[in-house]
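Ready for a few short exercises? Have the sequence and the 3D view open, try each task, and then read through the solution.

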Amino acid sequence: MPYCPNCQTEYVSGFTRCADCGVALVDHLPTSQAIEFDECGNCGERVTHDSDFCIHCGVLLSDEEFRCETHTASPAVAVCIICRRLLCAECLKVKHGKMFCPEHKAVEVSEDWAVAFQSVDYYEANIIRGKLESAGITVNPRNNNSIGFIADGFIESAIGRSILRYPVKVFVPLDQYLDAVEILKEESPLVE
């Protein structure tokens with residue numbers, strides 16, 4: 001039986017191209033290789049066996065010696081989880097077990113997501129969410145529900161969200177944070 005190497009759909013004999021992908025069919029699918037994982041000694045998350053650093057917390061895992069990008073005479077001990085800049089102990093800012101450079105220490109992070117935008121205006125936050133999604137950025141909005149469920153009868157408004165301290169937060173994956181911020185700066189120079 002032929003298979004599509006792209007979507008892995010099995011076809012009846014006689015077919016030569018995938019109806020969905022348009023690629024030539026093959027007789028056998030390639031066997032997938034198992035990826036080896038290790039556990040980060042700092043955060044306990046899984047990292048690939050050949051990783052130089054933990055993508056979840058920023059701790060260096062490699063036996064190779066790296067140098068700080070700012071203080072080139074000092075050995076690097078971590079990378080910023082936002083910009084991936086090598087950091088020495090002097091440059092390093094640790095927040096909730098995650099490593100940051102001085103420039104990104106204020107970025108709010110939850111698990112492997114960073115807040116790219118937040119607003120007490122529900123509609124503004126969802127416009128930003130749409131702009132990021134249309135640019136190919138993965139988004140995970142939080143506090144996006146109506147505030148009516150928090151305070152029965154409360155009016156859904158920016159004032160209500162301000163009083164309740166319940167802004168809509170648009171989270172993006174750590175590795176897409178810098179791209180998201182650039183897109184927002186291009187779209188609206190007032191967005192920081």
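In helix 1, Ala125, Ile128 and Leu132 are buried, where buried means under 20% relative accessible area, exposed over 50%, and partly exposed in between (1.4 Å probe, protein chains only). This is a predicted model, in which local features need pLDDT of at least 70, side-chain atom pairs count only at pLDDT 80 or more, and totals for chains, interfaces and linings use all residues. Residues are numbered from 1 along each chain as its sequence is written, and side-chain values use heavy atoms, leaving out hydrogens and water.

**Exercise 1. Find how the buried residues of helix 1 are arranged, and what lies opposite.**

Step 1: Start again from the buried residues of helix 1, Ala125, Ile128 and Leu132. Seen down the helix axis, the buried residues fall within an arc of 60 degrees, so they line one face of helix 1. The arc is taken from the directions that run from the helix axis to the C-beta atoms.

Step 2: Turn to the other side of helix 1, where Tyr123, Ile127 and Ser134 are exposed.

Step 3: Check the length. Helix 1 covers residues 122–134, 13 residues in total, and spans 18 Å from first to last C-alpha, close to the 18 Å expected at 1.5 Å a residue; the expected span is 1.5 Å times one less than the number of residues. Helices (H or I, at least four residues) and strands (E, at least two) are DSSP runs, numbered from the N terminus.

Step 4: Look just past the end of helix 1, where Gly136 has a positive phi of about 90 degrees.

**Exercise 2. Describe the surroundings of Ser119.**

Step 1: Place Ser119 in strand 8, residues 113–119. Its relative accessible area is 9%, so Ser119 is buried.

Step 2: Look for a polar partner, meaning a pair of N or O atoms within 3.5 Å; within protein, one must be able to donate a hydrogen and the other to accept it, and residues adjacent in sequence count only if both atoms are side-chain atoms. The side chains of Ser119 and Glu124 make such a contact, at 2.7 Å.

Step 3: List the contacts (heavy atoms within 4.5 Å). Apart from neighbours within four places in sequence, Ser119 touches Glu124, Ala125, Pro167 and Val168.

**Exercise 3. Which element gives the most residues to the largest nonpolar core?**

Step 1: Recall that a nonpolar core is a set of buried Ala, Val, Leu, Ile, Met, Phe, Trp, Tyr and Cys residues joined through side-chain atoms within 4.5 Å. The largest one has 36 residues, and those with the most contacts inside it include Leu132, Val172 and Tyr177.

Step 2: Compare the elements that give two or more residues: strand 6, strand 8, helix 1, strand 10 and helix 3. Helix 3 gives the most, with five residues.

Step 3: Look elsewhere for a second, separate core of five residues, including Phe66 and Leu86.

**Exercise 4. How many disulfides does the structure hold?**

Step 1: Apply the cut-off: a disulfide is a pair of cysteine sulfur atoms within 2.5 Å.

Step 2: Test Cys43. Its closest cysteine sulfur, in Cys54, is 3.6 Å away, too far for a bond.

Step 3: Test Cys68. The closest cysteine sulfur is in Cys88, at 3.6 Å, which is also too far for a bond.

Step 4: The count is zero disulfides.
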